[in-house]
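Hi,

Here is the structure I promised to pass on. Have a look, and my notes follow underneath.

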Amino acid sequence: MVIVTRIRREVLTLPAAPLGHDNPLPPLHPLDEVHRIDDRDRRDMPRDMARQLGHEPLRSLLPVRVRDGYGRTREPRTLDALVIENDRLRATVLPGLGGRIASLVHLPTGRELLYRNPVFQPANFALNGAWYSGGIEWNIGATGHTALSCEPLHAARVPAPDGGEMLRLWEWERLRDLPFQIDLWLPDGSDFLYAGVRVRNPHERPVPTYWWTNIAVPEERRVLAPAEEAWHFGYERRLTRVPVPSYDGIDRTYPLNSPYAADYFYEVPDGRRRWIAALDADGHGLAQTSTDVLRGRKLFVWGSGPGGRRWQDWLTEPGTGGYCEIQAGLARTQLEHVRLEPESEVSWLEAYGPLDATAEGEWPDVVRRAEERLAAVLPRTRVEEAYAAWKPCADTDPGEPLATGSGWGALEVLRADWKLPGTPFPETTLGEAQAPWVELLRTGSLPEPRRVRPPGVTLVAPHWRDMLETAPATPHTEYHLGIAQWHAGDRAQAERSWERALPLAPSQWPLLSALALADRTSGHHERAAERYAEAFDDLCRELRDQGEAWTAAVAALGRETLQALLRVRRTADARAVWERLLPAVRGRGRFRLLYAELLLAEGRQADARAVFEEGFEVADLREGEEVIGRLWARLTGEPLPARHDFRMRPDAG
């Protein structure tokens, strides 16, 4: 057999906003999670679903940092890409941005099967902030978009089951401490791209596991799945069972028929083939199917209302068309986490390709014809056979490296001496971020920083916390130990660690800001404001330059301090903090919004209104966040201007 599959490097040039610097403050606050439900909704659920809804939801982002340093100024930039191609399909992968498949083109027809975003614009949708829309994304970790959305993955060539080549992507997911891999390959003459996925638990304890593959497609489609019921979740935070395709007299399988953003998790009957498709009016589109382990199927829509349209423009380029997402996951819904047993793994195979079938007509007939057509072009048995053929290849060591991810996997492998065939994490990938932890591992001491700068990442898993507790109690070690203790739920001990470190610490602002957040969490808002103000003063005295790292520190701590002072109506102190912010920080949209709030607190309502009239864009506006609308309502009884209308639910103020 002549193998014609090719893997090559490519460079994409497109308008892109810079990612900027990570937030240097540790994310000690509770996770900002919009995907929560009313407990009353659990009563009528299947038992396994109700159990998994309550199974160890993520409580904290630690040890991951928040990525909020991006903006909205787009300039032509280059992105490294890897292309895997046969004579039928061409898939373009971005290894430096979560391994996303940015494009999937059916070569005989020239049709793009995905929604291909014409820009790279980070927005605040990932668990840790920066995320971008479009293509096929791999979500691992916990409910929401993965913390790896804008992070690099390891990539390499690997022999495919048919003797050709696969593109392997792999990384260490840090929220749950799990290694995973994705093997992409195109059999000779295949109209379907295969993805073999494996998530491993090397620990001696069970770990909650989450996986959803999100596939962006143009929204002027009808979405088909083998289901007559779905679980509907909106931003009212209610999870209810609804009929498919229509409820309230509206066919919801057409994305633009829903007025507000919503999830529809399809109830695919046991034993039924797992698949989902999005077809246009001419019956052309994309189908996704898998082995049965990947049981869930979902449609996400932005809706036709003004908030949904504003989000579409915000994430893409106005006038380029909107998108919806068809998705596949390990559980019925994205609100669930699945137990992965100690020293075990879960794996499956997905397939993506073109589907031509009638989209119009009565639901049972349309679904039946689409399923028959899928069976003709990609039989269910062929998917199962491909999975069986791939599984022995999952342990094959990668060949030529094509991209490098982080060094966190190498650190964990070094610590535990794990053997992970197929996904090597060599010591050569250890970098500056891991260096202090390598020294702690080898010497029992966490080294003091060699120069004054914002503190680095804290590791919080039990084994690292144990090492910090037995290390020499320097101020630097006490700072990191307190963060690990806070993460473990021992908040009183965390505060004691930070307080012990204060008298001898060369930099006090990291400790003071941590103590201020502890005060805020326990409801001591006056003391929190005082400590934030002290921390900001100390940071301003220590400021070395206006480079990215220090600017990120000023922005992060300045925002927390302003919010804390305004909360307790210390307006004059808030004004003093505002005047000391770096000009580059004051110009950001988030701070223009804070400035309007400060002006209103000073009684300068007209000036606050003028900030809105001058215009601003809050680059890191969070999914479901309603702060702009609430402030506008305090200023005026007029309707919220369209450019600020990001409302995702009908009763948002």
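Helix 11 has a long list of buried residues: Ala528, Ala529, Arg531, Tyr532, Ala533, Ala535, Phe536, Asp538, Leu539 and Glu542. Bear in mind that this is a predicted model. The buried residues of helix 11 pack against helix 9 (491-501), helix 10 (509-521), helix 12 (548-567) and helix 13 (571-580). Helix 11 itself covers residues 525-542, 18 residues in total, and its first and last C-alpha atoms are 25 Å apart, close to the 26 Å expected at 1.5 Å a residue.

Now the sheet. Nine strands form an open sheet with antiparallel pairing, in the order 15-21-22-26-12-11-10-9-27. Strand 15 (222-224) and strand 27 (401-403) are at the edges with a single partner strand each, so one side of each has no neighbour in the sheet. From one strand to the next, the twist averages 20°.

At the strand 15 end, three bridges connect strand 15 to strand 21 (residues 275-279), and the two run antiparallel. Val223, for instance, has Ala278 in strand 21 as its bridge partner. Helix 3 (residues 363-377) packs on the sheet, where it touches strand 15, strand 21, strand 22 (284-290) and strand 26 (344-356). The direction of helix 3 makes about 70° with that of strand 15.

Last, the cysteines. How many disulfides does a search of the whole structure find? Zero. Cys324 is buried, at 0% relative accessible area, and Cys393 is also buried, at 14%.

Cheers

Note on methods:
Residues numbered from 1 in each chain as written. Predicted model: local features only at pLDDT ≥ 70, side-chain atom pairs only at ≥ 80, totals over all residues. Heavy atoms only, no water. Pairing = 2+ DSSP bridges. Helix = DSSP H or I, 4+ residues; strand = E, 2+ residues; numbered from the N terminus. Axes fitted to C-alpha atoms, helices over the stretch in contact; angles between N-to-C directions. Contact = heavy atoms within 4.5 Å. Expected span 1.5 Å × (residues − 1). Buried < 20%, exposed > 50% of the residue type's maximum accessible area, 1.4 Å probe, protein only. Disulfide = S-S within 2.5 Å.
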